[in-house]
Amino acid sequence: MSTQRTISFPTQELIDAVGPIPENLKAVLWDLENDPETPLEDIDIAILPYMANPQTLKNVRKAPNVKVVQTQTTGFDGMIDLIGDRADINTAAGVHAAATAEMALGLAIASLRGFPQSVRDQQQGRWNPQQWPGLADRTVGLVGVGGIGEEIRKRLEPFEVNLLRFGSTARTDEHGEVFATSELAARAPEIEVLILIVPLNDSTRHLVDAQLLAKLPDGATVINVARGPVVDTDAIVAEVASGRLNMASDVFDPEPLPAGHPLWQHPNALVIPHNGGNTKAFFPRMVKLLKKQVQAWAAGNDGENLVHRS
């Protein structure tokens with residue numbers, strides 16, 4: 001066992017659900033907005049609130065002795081800039097995988113089967129049968145082959161698509177060929193459905209820009225369940241406004257999408273307010289992860305999903 005350490009939890013509900021923790025750990029409540037129930041200097045490990053705004057997250061810096069930061073998200077873009085070399089960063093990778101994969105498939109089916117149009121027709125009491133592309137037999141480009149990418153791949157199998165997978169490097173795995181992301185532009189003219197599930201970093205910011213979008217075939221659908229800035233907003237707005245491409249997205253740049261933004265207006269844009277991982281499966285899965293994390297931290301170990309070491 002290591003020496004006494006104090007862990008801050010963002011909600012009492014999470015403290016209660018994780019349950020008894022090892023004797024050499026102390027759980028305290030700190031939502032990063034109100035003062036914690038212990039001096040800030042005492043906090044060694046901080047569990048961040050889920051989907052907090054960046055200004056709130058900055059308050060973790062007020063705890064000068066934090067050595068471990070645990071996110072409740074899979075992505076950790078901006079966290080290294082926020083934390084620097086002050087603390088290790090652990091993520092919630094795996095917690096959101098099933099829910100985010102559901103969202104990707106849901107967006108694809110909804111867009112390719114015309115669900116948004118049917119909702120508009122229902123509101124007007126209009127019977128309006130149409131032939132939509134559907135997902136079967138489409139060529140799908142899946143950009144991102146990590147944990148969530150793999151969950152999306154598995155869920156695409158029954159839909160009889162022609163799947164092209166893209167990762168950071170070209171390789172072959174047990175499911176077949178993975179193309180390098182650098183090959184995406186060359187293969188874009190084949191891709192009818194582009195699904196994005198990559199982390200946001202310098203190499204993926206505006207990965208989908210005007211040049212790439214221009215190479216997609218007419219009527220293609222761009223589905224983003226990664227991070228908003230992976231897609232150049234101005235470029236996708238131009239393509240959607242022209243009616244040439246469709247977009248179904250759970251994430252945006254900026255976010256929240258402001259009132260009056262053009263994407264709200266176009267019938268070929270499906271806007272979901274960053275709900276990808278936010279289902280009722282999230283909380284019990286997060287609790288399960290934290291139960292394992294506190295045991296590891298009590299033993300002086302790193303815990304799961306360490307993505308940055310101080």
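Visitor: Where is the place of Thr71?

Guide: This is a predicted model, and in it Thr71 sits in the loop that runs between strand 4 and helix 3 (79-83).

Visitor: Is Thr71 buried or exposed?

Guide: Burial is read from the relative accessible area, with under 20% counting as buried. Thr71 has a value of 3%, so Thr71 is buried.

Visitor: Which residues does Thr71 touch, not counting those up to four places away in sequence?

Guide: Thr71 touches Leu48, Met79, Ile89, Asn90, Thr91, Ala92 and Met286. For one of these, Ala92, there is also a C-alpha separation from Thr71: 6.1 Å, although the two are 21 residues apart along the chain.

Visitor: Strand 4 brings up the sheets. What order do the strands have in the open sheet of 6 strands?

Guide: Strands of a sheet pair through backbone hydrogen bonds, in either the parallel or the antiparallel sense. Here the order is 2-1-3-4-5-14, and the pairing is mixed. Strand 2 (25-29) and strand 14 (306-308) are the edge strands, each pairing on one side only. On average, neighbouring strands of this sheet are turned by 25° against each other, direction ignored.

Visitor: How many bridges join strand 1 to strand 3?

Guide: There are 2 bridges between strand 1 (residues 5-9) and strand 3 (residues 45-47), and the two strands run parallel. To place the pair on the model, take Ser8, which stands opposite Ala46 in strand 3.

Visitor: Which strands does helix 10 touch where it packs on the sheet?

Guide: Helix 10 (residues 282-298) touches strand 1, strand 2, strand 3, strand 4 (68-70) and strand 5 (88-90). The direction of helix 10 makes about 170° with that of strand 4. Angles over 145 degrees count as roughly antiparallel.

Visitor: Gln293 is in helix 10. With which residues is Gln293 in contact, leaving aside neighbours within four places in sequence?

Guide: The contacts of Gln293 are Gln70, Asn90, Gly303 and Glu304. Gln293 is buried, with a relative accessible area of 1%. Asn90 also appears among the residues that Thr71 touches.

Visitor: Now the other sheet. Which strands stand at the edges of the open sheet of 8 strands?

Guide: The order is 8-9-7-6-10-11-12-13, again with mixed pairing. Strand 8 (171-173) and strand 13 (269-271) are at the edges; each has a single partner strand, so one side of each lacks a neighbour in the sheet. Neighbouring strands here are turned by 20° against each other on average, direction ignored.

Visitor: How many bridges join strand 11 to strand 12?

Guide: Strand 11 (residues 221-224) is joined to strand 12 (residues 246-249) by 4 bridges, and these strands run parallel. Strand 10 and strand 11 also pair in the parallel sense, over 4 bridges. Thr221 is a useful marker: the bridge partner of Thr221 in strand 12 is Asn246, while Val193 stands opposite Thr221 on the strand 10 side.

Visitor: Which residues of strand 11 are buried on its two sides?

Guide: Thr221 and Ile223 are buried on one side, and Val222 and Asn224 on the other, leaving both faces of strand 11 covered.

Visitor: Which strands does helix 6 lie across?

Guide: Helix 6 lies across strand 6 (139-143), strand 7 (162-167) and strand 10 (193-196), and runs at about 160° to strand 6.

Visitor: At what angle do helix 4 and helix 6 pack?

Guide: Helix 4 (residues 97-112) and helix 6 (residues 147-156) pack at about 50°, with axes 8 Å apart. The two helices are therefore oblique to each other, and the crossing is right-handed. Ala97, Ala98, Thr100, Ala101, Glu102, Ala104 and Leu105 in helix 4 meet Ile148, Glu151, Ile152, Arg155 and Leu156 in helix 6. By class, this contact has 8 nonpolar, 1 polar and 3 charged residues.

Visitor: Which residues does the cis peptide bond with omega of about 10° join?

Guide: That bond joins Asp253 and Pro254, and Pro254 is in the loop between strand 12 and strand 13. The peptide bond from Glu255 to Pro256 is cis too, with omega near 0°; Pro256 lies in the loop between strand 12 and strand 13.

Visitor: What is phi of Leu32?

Guide: Phi of Leu32 is near 70°, a positive value in a residue other than glycine. Leu32 lies in the loop between strand 2 and strand 3 and is buried at 1% relative accessible area. His274 has a positive phi as well, near 50°. His274 lies in the loop between strand 13 and helix 10 and is buried, with a relative accessible area of 18%.

Notes. Residues are numbered from 1 along each chain as its sequence is written. This is a predicted model: local features need pLDDT of at least 70, side-chain atom pairs count only at pLDDT 80 or more; totals for chains, interfaces and linings use all residues. Side-chain values use heavy atoms; hydrogens and water are left out. Axes are lines fitted to C-alpha atoms, for helices over the stretch in contact, and angles run from 0 to 180 degrees between N-to-C directions. Angles under 35 degrees count as roughly parallel, over 145 as roughly antiparallel, 65 to 115 as roughly perpendicular and the rest as oblique. A crossing is left-handed if the near helix is turned anticlockwise from the far one by less than a right angle, and right-handed if clockwise. Contact means heavy atoms within 4.5 Å. Ala, Val, Leu, Ile, Met, Phe, Trp, Tyr, Cys and Pro count as nonpolar, Asp, Glu, Lys and Arg as charged, and the others, Gly among them, as polar. Two strands pair if DSSP finds at least two bridges between them. Buried means under 20% relative accessible area, exposed over 50%, partly exposed in between (1.4 Å probe, protein chains only).
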